[in-house]
Amino acid sequence: MTSADDSTILTMRDIVKEFNGIPALSGVSVDLKRGEVHGICGENGAGKSTLMKVLSGVYPYGSFTGTIEFDGHEARYRSINDSERDGIVIIHQELALSPYLSIAENIFLGNELQSRGVIDWDRTNKEAAILLARVGLNENPATRIQDIGVGKQQLVEIAKALAKEVKLLILDEPTAALNDEDSAHLLDLINNLRDQGITSIIISHKLKEIRRIADRVTVIRDGSTIETIDMSEPTANEGRIIKAMVGRELSSMFPPRTPDIGEEKFRVEHWTVHHPMDSSRLVSDDVSFSVRAGEIVGFAGLMGAGRTELAMSIFGRSYGTGISGTVFKDGKKISTRTIDEAIRNGIAYTTEDRKRYGLNLIGDIRVNISAAAVGRLAKWGIVNGLREYQVAESYRTSMNIKTGSVATLTGRLSGGNQQKVVLSKWLHTHPDVLILDEPTRGIDVGAKYEIYGLINELAAQGKAVIVISSELPELLGLSDRIYAISEGRITGEVSRADADQETLMHYMTAGKDDDR
Amino acid sequence: MSTISAQKPGSDGRRLRLNVDLRQFGILGALAIIVILFQVLTGGKLLLPANINNLIQQNAYVLILAVGMVIVIIAGHIDLSVGSVVALVGAVTAIAMVQWELPWWGAVVVGLAVGALVGVWQGFWIAFVGIPAFIVTLAGMLLFRGLTLVLLTGGTINALPAGFVAIGKGTLPQSFGTMLGGHDVVTLIAAIVVVIAFALSQFRSRRKQLALDLPVEPGMLLVAKIVVTTVAVLFFAWLLSAHRGLPIILIILAALILLYTFVLKRTVFGRHVYAMGGNLFAAQMSGVKTRWVNFFIFVNMGVLAALAGIVTAARAGGAVASAGNSYELDAIAAAFIGGAAVTGGVGTVIGAVIGAMIMGVLNMGLSILSVDSAWQQVIKGLVLLLAVAFDVVSKRRGPRM
C-alpha cells in the first residue's frame, strides 16, 4: 500500500460517515502534500470537525467508509492514541491543558519522561525548555498554565505536539480565542514549522488568515468536497473560497409572510462587553443596532463571532464583564441589569443550547412553561396549580407540542418539541422583544417550518424579533434585515432585498484591518 | 417517541402519574415490611403502646431535620452543620432559661432566632460569596460545636422548666378521659379527624381534576389509598392511645409536614427550588433569583435545626455539648432513602419523612433485639447504600436525557 507519490503525506478518499442514517460526510476526499499548510474551510456544520475526528481516530476505523493513507501506509486508527503514535496531533479550539500543572508537566502529560514509573524531572524540564524555544515561547517550564495567557497556552499545546514527534499538526480554529498580536505570532510559528518539515491542517473561519498562511485550501460543503484551491494561483482569493462555501440553492421552505413594519421598538447603542476570563479581550466592540415593531432582524456570524455573547450580555448581563452601553425600548432607556429586570421590561431570550440553559429536563412540561413567569400564576407566593395546568395545556395545543399531556418530562421530548416548550415559556412572559438564538438547531424539517411560522406570527403581532442563526439560508428566508457580526463588531447591515449568501459571508469573514 | 404518544392522547401522562405513585408506594411498602419484620423478630414488642410513643419522641429530631434537609438537597446542596446547630441551640435555650431566667417560651423564641442567625451566616457564604455548601457547613459543624463547648464550659445545664420539657416529652391532657379499657379519647378523635380530612381532600382534588379534564389516577387506586391510610392511622392511634395522651411533638410534626409539603408543592419558592435543582443554568436564565432562593433555603434549615435542638434539649431535660452528634447524617440519610436525588431536583417532604421513619424503626427494632450498636451502624449504612443504589439503577433504566 505504498503511495505512488512520496510527496503526498495524507490521502483521504471518499470518506462517508453517517449518524443514525443521516450523513455527516458524504464522500470527502482530501490529499495533503508533505510539508504544506492546508486550509480547510466550510460553513458551520459542513463537516469539518467530523472529518478531523475521522482522521484522528475519534471515530474508529470501521465506523465510516472510505480509505485513509498516511505516510505511505493505510491508516486504521481505533483511537486517538493510534493516530498520535503515527504522528498526527490535533489541537482543539478548546485547549486541553491542566491549569494547575506546570508548562513542562503539561507538555509531557501522558508522555512522561520516566523510568519504571518514576519521572526524571531534570530531563523533563530540559526537554521542555528546548521545545519552548522551538515554538518561541520565553517562559520558565515550571510556570503554571493558569498563570500564562491563552495565546501562550496555544503555544504550549504546539510544544506538546512537538514532544510527540508530530508529522501532521491539525489546528481547529487556532486563533478564535486569541487577540491580534497572539494570532500573528501563531501564524508565524506555523510558517516556521513548515520550514522544519511539519505538515499542518488549519481549520479557520478567518479567511484572511487562511489566505496569508495556507498553500492550498479545500472547501467542504454539506459533507462533500467542493474543490481544492491552490492559493498560488492568481484567481485564488477569499471571494472564490466564499463562493465555494455557500454555493447552494435557497430552499423554499419558509411560510409566506407580508411584513408590516412599524415604529422602532428596540435599540441598543454602543454596547461593549469584555471577556469574563480575559478582560483585555473585547467580545462585543461598540455594537449598535435597532429593531422595529413587526420586524424580523437576523444576526449572521460565524462561530466565535460573538453573537450569543452579545445577546446574553444584553439579557440581564448573563455573560461578560465590563459591560457598557444603553438599551432603549419604545424610545425609552431601560435597564437590563438582571435577567429578572430584562424579563419585566418585556425582553425574552431563548438560548442556543436548550438542554443546558433552556430546560429543566427532569421537570415536566407544565413547570418548564411556567418557569420564567411563575409569578403570573401566583398570588401571595402561592401558585395556582390549576391555572398553571390550563396555561400549559393551552400552549401545548396552540404550539402543537406533540405529546399526550403536560405531565410529560421535557427530557423525553424530541428536539423540536423541546424547542416549542422553550418558546412557550418565553411567550408566557408576554415579551415585546424576542431574541431567538439558533431557534432551529438540531430540529427536523417539519418542526422548523412550524417554528418559522410562529416567528412570522410573532412579528405580525407587532413584536420585535431578533433571530441569531448559523444557517444563512434560514436568515435570508426569515429576516427583513440582517446584521453581520465578526470578531464582536457589526461589520455589515443588509436589507432583505440586497442580501445574498456571498455578501453576508464577505461581511462575516471581515477582519479588523479590512476596509469597510 | 413523541409521535407515538401523539397518536394516543393522554396515555403518556397517565402512565407517568402512575409511575410516580408507584415509587412512593415502593418506599412506603419498604417501611411496612420493616415494621412487620421487626414486629415478628421482637415477638410483638415493637408495636407496644409505650414503644410507639418512644418511636415518635425519639425520632422527632430526625423528622424535623429531614424536612429541612430535603429542601437543601433538592436545591443541589448539603448541610453538614445541623447536628452542631442542634447542640448550640440547646445550649442557648438552656442558658436563657436557667441563667437569664426567661420564661420557657421566651427561650424558645431566642433559640429559633439563633437558628435563623446561623442560617443567615451560612446562607451568606453559600449564596452570596459562592462557597460550596459542603465547605461552609463543614466549617459550621466545627464552629457551632466549638461555640457550644465554650458556652457550656464543658459542663451540662439541667433542671429545665416543666413547660419546656413538655415540648419533647409531654402529651395533651386526656380531657375526655379514656374508653374501651384505657384508650385516650383525644387521640382517637384526632385520628378520626385526620382520616376524614385526608379522604375529603383526596376526593376534592379529584373532583377538581375531573372538572378540568385532567388525567386522574384510577378510582380503585384512590379508594385503596384511602382505605390503607385509614386503617394504618386508626391502628396506630389505637395502639398509641393506650399509652398516655396525644404527644405534643406529634402535633408539631404533623403541622411541619403539612406546611412544608405545601411550600414545596404549591408556592413560587418551592417551584424555584425544584427548578434550580433540575437545571441551575436554566433557572438563572429564566430570571429566578437563585442567590436569594439559596439564602432562604439555608435560613430555613437553620430555623428547623434550631427547632430540632429545642426538641432534643426538651426531651433530654438539659443541654450537653455532645447533643446532636451525627444528627446531620441521619437527616441526610433519611432524605436520600426517601427518594431525593443526589444530583438535586428530585425529592419530597413525605418521602424524607418516610425515610426518617425507616431509620427510626430500624434503630428501635435493633435496640429491642439488643443488637450491638456497632452492628446497628453497619446495618443502617447498608440500608442507606441499597436505597440509593436502587434509585440510581432504576433511573438508569429509565429514559436517557
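Begin by selecting domain 3 of chain A and domain 4 of chain A, where 10 residues of domain 3 are in contact with 10 residues of domain 4, contact meaning heavy atoms within 4.5 Å. The model is a predicted one, in which local features need pLDDT of at least 70 and side-chain atom pairs count only at pLDDT 80 or more, while totals for chains, interfaces and linings use all residues. Residues are numbered from 1 along each chain as its sequence is written, chains are lettered from A and ligands numbered from 1 in the order in which they are written, and side-chain values use heavy atoms, with hydrogens and water left out.

To colour the two parts, use 261–346 + 432–443 + 459–516 for domain 3 and 354–430 for domain 4 of chain A; such bounds come from an automatic or database domain assignment. Between domain 3 and domain 4 of chain A, about 710 Å² is buried, and carbon and sulfur atoms give 68% of that area. Buried area is the accessible area (1.4 Å probe) that two parts lose on being put together, summed over both. Next, show A:Ile343, A:Leu434 and A:Ile443, which lose the most area on the domain 3 side to domain 4 of chain A, together 46% of what that side buries.

Now display the sheet of 6 strands, which is open, has mixed pairing and follows the order E18-E21-E22-E15-E23-E24 in chain A. Strands (E, at least two residues) and helices (H or I, at least four) are DSSP runs numbered from the N terminus, and two strands pair if DSSP finds at least two bridges between them. Strand E18 (347–350) and strand E24 (489–495) of chain A stand at the edges with a single partner strand each, so one side of each has no neighbour in the sheet.

Within this sheet, select strand E21 (433–437) and strand E22 (464–469) of chain A, which run parallel and are joined by 5 bridges; A:Leu436 has A:Val467 as its bridge partner in E22(A). Then add helix H14 (415–427) of chain A, which packs on the sheet by touching E18 and E21 of chain A, its direction making about 170° with that of E18(A). Angles run from 0 to 180 degrees between N-to-C directions, with axes fitted as lines to C-alpha atoms, for helices over the stretch in contact.

Finish at the open sheet of 4 strands, E14-E13-E16-E17 in chain A, where the pairing is antiparallel. Helix H9 (307–314) of chain A lies across strand E13 (264–274), E14 and E16 of chain A, at about 110° to E13(A).
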